Amino acid sequence: MTVSFGIEFEFDYVDQNNQRVVFHGVEPIYLAPNWDYQLDPTASSELRSPVFTSIEQFIDECNNEFSTMVQRRPQLIPYMCNSQGRSLGQHMHVGKRGLRLTTEVKRRIARSIVDFYPLLASIHAQPVPSQRGLTTSYARSLIHYGDVIHYDHYCEISDSHVGTVEFRLFDCNIPQASLVCAWLITEIAKKALRNRSQNNFPDIDLRAYDLERTNALRYGLIGLNVTDYLRKLKSILGNIEIPDIATIREALYLMARYRLNFYGVWKYCNVKPYDYFKAELTECSRFLENILTINDAQHRDKISNWISEAHSIENLDQLIGLSIGVDNSLAQTLTEAIEERIEPQPSAVRAIAQNIHVGLGRSEVRACLERGLYRIVRINELRTLSINNVAQQISYLLRHHGEGFVNLMEPQEIIDTNFRFYVLVAYDNISGIEQICGAISINIRSGEIRSLVVDRRFRRLGIARALLAHVIEVARDNNVQRLFTYVRRENDASLNLFASFGFTREENDSRSFLMIKELTRGERGG
């Protein structure tokens with residue numbers, strides 16, 4: 001089964017003094033036969049590749065295009081990673097050459113690959129944060145569409161008008177990263193095309209997917225359980241043989257053994273941008289060998305060992321074995337790469353690396369909320385904070401920021417209670433900080449809502465309304481028939497909030513009202 005693919009590369013330029021040069025959409029320095037370009041205001045240049053029907057063709061064509069580009073004008077060569085204030089994406093089209101895929105086939109391909117999209121994204125991520133992937137309207141997550149593929153060109157997996165499935169990846173556009181992702185995507189797509197029954201795919205949890213995607217774009221490979229992804233890949237492809245292509249074997253080896261992606265290796269070797277891209281763009285079937293051609297590359301002995309060890313990796317079982325025994329000795333290298341990426345806020349970076357909470361101010365939270373950079377999750381669904389840390393913060397909010405009939409609870413009580421706790425978390429993509437702004441709990445069996453609390457610093461920003469709306473949706477999803485809560489008589493703000501969601505007020509005692517909302521069968525999804 002032949003699967004074709006094509007790639008759009010976006011990049012800026014770098015000169016011999018290692019100064020990044022930015023244009024507002026220009027024709028690339030060189031165009032090989034069958035290559036094309038378009039003027040893109042978000043990148044200095046954008047190249048469009050020919051349609052590839054094999055990994056070998058990809059290698060030959062990319063070597064011809066990029067090595068000639070470097071030779072033609074060595075004083076100004078492509079800079080193929082994001083940098084401060086710049087956000088470069090990559091588009092990969094998957095299909096069958098000469099044919100327009102049907103809607104059913106495109107959906108089948110998209111569904112088969114969406115489970116692996118966070119892994120693909122983490123291979124490219126820098127490792128934190130992907131400004132484009134997390135913050136702009138040009139890379140909307142699938143959660144905004146409620147499906148695994150969408151016709152909107154700016155969705156991360158879109159139904160392309162040329163009859164292909166289009167995947168949007170970010171940050172690291174060197175051909176080596178594209179080569180690894182192209183091999184993974186085409187192998188998964190081949191399997192999907194052989195499987196003509198969509199019934200084999202379970203429904204996707206888009207909320208869980210969006211969280212995983214965010215972690216991939218923010219932290220790269222260190223934000224994912226790589227072992228689980230490799231095992232899932234084996235369950236689909238079997239113990240597939242890894243191509244005897246240096247780039248693919250080296251990248252997968254470093255991913256499994258050290259959680260290093262292309263950006264992490266670059267920082268580990270500590271070579272200048274001009275030297276790095278000049279070396280890598282001369283031969284895309286090689287990766288680590290290219291680095292050894294740079295005279296001042298650091299850790300040369302280590303790189304040589306990696307090359308030898310990677311060459312012995314022949315199949316997925318070997319990768320899984322390496323991944324189980326992941327070596328964390330290079331964690332400091334990744335931390336330093338993160339720290340450099342998001343200067344001038346090193347204290348926030350250290351907080352990410354050490355899981356220490358650093359807070360956001362009101363103006364920063366407001367900006368996050370206005371840009372949609374928040375999510376409402378259960379207390380075990382935050383990556384940067386343990387469940388104990390989350391419970392401690394909720395306990396603090398209840399004790400010091402609670403109003404009315406908020407029950408004071410110790411952290412362990414919050415973890416053990418039969419009430420589900422949800423928190424609203426605002427996240428800042430520049431500092432990487434996650435800020436818990438408020439919490440709410442619900443008992444699914446009884447329908448009681450408790451513990452609605454918002455940090456005083458962030459009140460009047462719509463947080464309480466968002467939390468209440470969320471638990472009402474949770475109740476509907478779980479076929480709860482009746483919701484209720486208790487509100488102090490003098491708490492006009494809470495009374496008005498619940499009333500705005502259709503809760504009716506009933507007498508309870510001299511201190512409080514009982515607020516009740518009946519959910520109709522239609523509202524409960526019946």
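**Figure 1. Helix α5 in the predicted model.** Helix α5, formed by residues 175-194, has 20 residues and spans 28 Å from its first C-alpha to its last, close to the 28 Å expected at 1.5 Å a residue. The structure shown here and in the following views is a predicted model. Most of α5 is covered, with 17 of its 20 residues buried. An α-helix has 3.6 residues a turn, so residues three or four places apart point the same way. For the wider setting, the protein chain contains 20 helices and 15 strands. Of the 526 residues in the protein chain, 57% are buried.

**Figure 2. Helix α10 and the elements packed against it.** Helix α10 comprises residues 273-280 and is mostly covered, since 6 of its 8 residues are buried. The buried residues in α10 are P273, Y274, Y276, F277, A279 and E280. Several elements pack against the buried residues of α10: the strands β1 (4-15) and β5 (76-79), together with the helices α5, α9 (262-269) and α11 (288-292). Helix α5, the subject of the preceding view, is thus one of the packing partners of α10. Across the protein chain, 73% of the contacts between residues at least 6 apart in sequence join residues at least 24 apart.

**Figure 3. Lining of the second largest cavity.** The structure holds 4 cavities of 30 Å³ or more, and the second largest cavity encloses about 60 Å³ of space. The residues that line the second largest cavity are I123, V180, L221, A251, L252, L254, M255, L260, N261, F262, V265 and F287. Two or more lining residues come from each of the elements α8 (246-258) and α9. Helix α8 contributes the most to the lining of the second largest cavity, with 4 residues.

**Figure 4. Strand β11 and its pairing partners.** Strand β11 covers residues 434-442; 9 of its 9 residues are buried, so β11 is largely enclosed by the rest of the structure. Strand β10 (residues 420-427) runs antiparallel to β11 and is joined to β11 by 8 bridges. Within this pairing, V423 has A439 of β11 as its bridge partner. Strand β11 also pairs with strand β12 (residues 449-454) in the antiparallel sense, over 4 bridges. Here A439 has V453 of β12 as its bridge partner. Residue A439 therefore appears in both pairings, with V423 and with V453; strands of a sheet pair through backbone hydrogen bonds, either parallel or antiparallel. The hairpin of β11 and β12 has 6 residues between the strands, and G447 in this hairpin takes a positive phi near 85 degrees.

**Figure 5. The open sheet of β13, β15 and β14, with helix α20.** An open sheet is formed by 3 strands in the order β13-β15-β14, with antiparallel pairing. Its edge strands, β13 (482-488) and β14 (504-507), each pair on one side only. On average, neighbouring strands of this sheet are turned by 30 degrees against each other, direction ignored. Helix α20 (residues 492-500) packs on the sheet and touches β13, β14 and β15. The direction of α20 makes about 160 degrees with that of β13. Strands β14 and β15 (residues 512-518) run antiparallel and are joined by 4 bridges. In this pairing, the bridge partner of E506 is L514 of β15.

Note on methods
Residues are numbered from 1 along each chain as its sequence is written. This is a predicted model: local features need pLDDT of at least 70, side-chain atom pairs count only at pLDDT 80 or more; totals for chains, interfaces and linings use all residues. Side-chain values use heavy atoms; hydrogens and water are left out. Buried means under 20% relative accessible area, exposed over 50%, partly exposed in between (1.4 Å probe, protein chains only). Two strands pair if DSSP finds at least two bridges between them. The expected span of a helix is 1.5 Å times one less than its number of residues. Contact means heavy atoms within 4.5 Å. Axes are lines fitted to C-alpha atoms, for helices over the stretch in contact, and angles run from 0 to 180 degrees between N-to-C directions. On a 1 Å grid over the protein atoms alone, a cavity is a set of points where a 1.4 Å probe fits but cannot get out, and a pocket is an open set with protein on both sides within 12 Å along at least five of seven lines; lining residues have an atom within 4 Å of a point. Grid points are joined across faces, edges and corners, and a volume is the space filled by probe spheres set on the points.
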